[in-house]
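Student: I'm new to this one and would like a close look at a single part. Could you pick a pair of helices, walk me through how they meet, and then show me what lies around them?

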Amino acid sequence: MDFLAYEFMQRAFLAGILAGLLCSFVSLFVVLQRMSFVGVGVSHSALGGIAVGVLLGVNPVFSAAAFCTVVAWAIGLVSKKGRLHADTVIGVFFSASMALGIALISLAPGYQPELFGFLFGNILAVTWTDIVLLTASGTVIALFLIFFFKELLFVCFDEESARAAGIPVTFLYYALLTVIAVTVVVSVKILGIVLASALLVIPAVTGYELSRNFRGMLAISVGSGVFSAIAGLMLSYVFNLPSGATIVLCATALFFLAFALSPRRGRIQYLRNKLRPSA
């Protein structure tokens with residue numbers, strides 16, 4: 001644990017834990033609402049927002065947050081109103097946003113080293129300002145999810161009944177898209193554009209494999225997200241590996257472990273019966 005003596009490692013661990021908490025909480029609704037590919041599309045579209053920020057000389061995190069929110073709303077609007085499958089709409093916006101980002105970056109004068117940090121993530125370069133931003137945005141998102149927890153679960157399982165019961169389905173749908181967009185953007189510096197959406201999916205799926213109720217699923221999701229962040233950082237330090245990729249690989253390993261031991265498939269009961277001595 002001698003590496004915790006360094007201030008940049010303290011910041012990295014704190015940022016990793018905060019990102020693990022935030023992403024794993026949001027991932028519960030991403031998985032239940034079947035919006036996994038939305039997270040992928042929004043995270044890749046962040047390149048366009050970052051490029052706009054670089055070109056205009058504003059903080060890329062703020063420009064990416066605004067850009068990703070607009071893209072997320074556009075995906076929701078076109079897929080709902082245009083009667084197109086969501087995957088098709090995401091594919092269009094995701095490709096167009098990345099193409100716009102590449103085109104704008106080519107117009108920016110000089111070398112832009114921070115772009116590589118956003119593309120592949122660099123948790124060791126996280127500043128106290130980034131941690132404050134992550135904490136503030138995470139607190140607002142967590143309060144929103146806690147306040148509308150039951151309503152969001154209702155919408156996830158039966159949208160028509162929720163609408164008939166007077167729940168503001170449309171507001172919650174676009175609010176959830178906004179939550180996904182902001183979560184992706186504040187996680188980009190830690191995990192990178194390429195991997196930012198991974199923690200929006202894998203922890204909740206791990207919880208789904210091990211729990212039969214939503215509170216258990218959420219608890220396991222948050223636990224696996226935080227564990228993946230800590231274990232991934234420690235392994236990346238010991239073996240000199242990219243931190244974002246190592247965190248995602250740890251989360252993936254937990255998923256496969258949960259998949260193998262999932263009570264939903266009865267493997268544990270099967271092994272017990274197999275090992276039980278016959279009468």
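Tutor: Let's start with helix α1, residues 7-32, and helix α9, residues 169-191: their axes come within 10 Å and cross at roughly 150°. Keep in mind as you look that this is a predicted model. Angles over 145 degrees count as roughly antiparallel, so α1 and α9 are roughly antiparallel to each other. As for handedness, the crossing of α1 past α9 is left-handed.

Which residues make that contact? On the α1 side you'll find Ala-15, Ala-19, Leu-22, Cys-23, Val-26, Phe-29 and Val-30. On the α9 side, the partners are Leu-176, Val-179, Ile-180, Thr-183, Val-186, Ser-187 and Ile-190. Sort the residues of this contact by type and you get twelve nonpolar, two polar and no charged.

Some of those names come back when we turn to the core. The largest nonpolar core has 76 residues, and the ones touching the most other members are Val-26, Phe-29, Met-35, Phe-144, Leu-145, Val-188 and Ile-190. Helix α9 supplies the largest share of this core, 15 residues. As background, nonpolar side chains tend to be buried together in soluble globular proteins.

Let's pick out Phe-144 from that list. Setting aside residues up to four places away in sequence, Phe-144 touches Leu-152, Phe-171, Leu-172, Ala-175 and Val-179. You've met Val-179 already, since it is one of the α9 residues in the contact with α1.

Now go back to α1 and find Phe-25, which lies in that helix. Is Phe-25 buried or exposed? Its relative accessibility is 13%, so Phe-25 counts as buried. If you leave out residues up to four places away in sequence, Phe-25 touches Ala-142, Leu-145, Ile-146, Phe-149, Leu-218 and Val-222. Take Leu-145 from that set: Phe-25 and Leu-145 are 120 residues apart along the chain, yet their C-alpha atoms are separated by 8.4 Å. Leu-145 is also among the core residues that touch the most other members.

Next, follow the chain out of α1 and into the loop between α1 and α2 (36-56), where you'll find Arg-34. Arg-34 has a positive phi of about 55° although it is not a glycine. With 78% relative accessibility, Arg-34 counts as exposed, whereas Phe-25 back in α1 counts as buried.

There's another residue like that further along. Asn-240 is found in the loop between α11 (214-239) and α12 (243-261), and it has a positive phi of about 55° although it is not a glycine. Asn-240 is exposed too, with a relative accessible area of 70%.

Just past that loop, helix α12 holds Leu-249. Leu-249 is a leucine, but it counts as exposed at 59% relative accessibility. In space, Leu-249 and Ser-228 are 8.2 Å apart, C-alpha to C-alpha, with their positions 21 residues apart in sequence.

For a contrast, look at Thr-206 in helix α10, residues 202-210. At 3% relative accessibility, Thr-206 counts as buried. Leaving aside neighbours within four places in sequence, Thr-206 is in contact with Ile-220, Ser-224, Ala-251, Leu-254, Phe-255 and Ala-258.

It's worth setting another helix pair beside the one we began with. The axes of α3 (residues 60-81) and α4 (residues 86-107) come within 9 Å and cross at roughly 150°. That makes α3 roughly antiparallel to α4. Here, though, the crossing is right-handed, whereas α1 passes α9 in a left-handed one. From α3, the residues that meet α4 are Phe-67, Val-71, Ala-74, Ile-75, Val-78 and Ser-79. Their counterparts in α4 are Ala-86, Val-89, Ile-90, Phe-93, Ser-97 and Leu-100. This contact divides into ten nonpolar, two polar and no charged residues.

Finally, zoom out to the whole chain. There are 13 helices and zero strands. Buried residues make up 47% of the 279 residues in the chain. Among contacts with a separation of 6 or more, 74% are between residues 24 or more positions apart. Phe-25 and Leu-145, 120 residues apart along the chain, are one pair you can find for yourself.

Methods
Residues numbered from 1 in each chain as written. Predicted model: local features only at pLDDT ≥ 70, side-chain atom pairs only at ≥ 80, totals over all residues. Heavy atoms only, no water. Axes fitted to C-alpha atoms, helices over the stretch in contact; angles between N-to-C directions. Helix = DSSP H or I, 4+ residues; strand = E, 2+ residues; numbered from the N terminus. Parallel < 35°, antiparallel > 145°, perpendicular 65-115°, else oblique. Left-handed = near helix turned anticlockwise from the far one by under 90°. Contact = heavy atoms within 4.5 Å. Nonpolar A, V, L, I, M, F, W, Y, C, P; charged D, E, K, R; others polar. Core = buried A, V, L, I, M, F, W, Y, C linked by side-chain atoms within 4.5 Å. Buried < 20%, exposed > 50% of the residue type's maximum accessible area, 1.4 Å probe, protein only.
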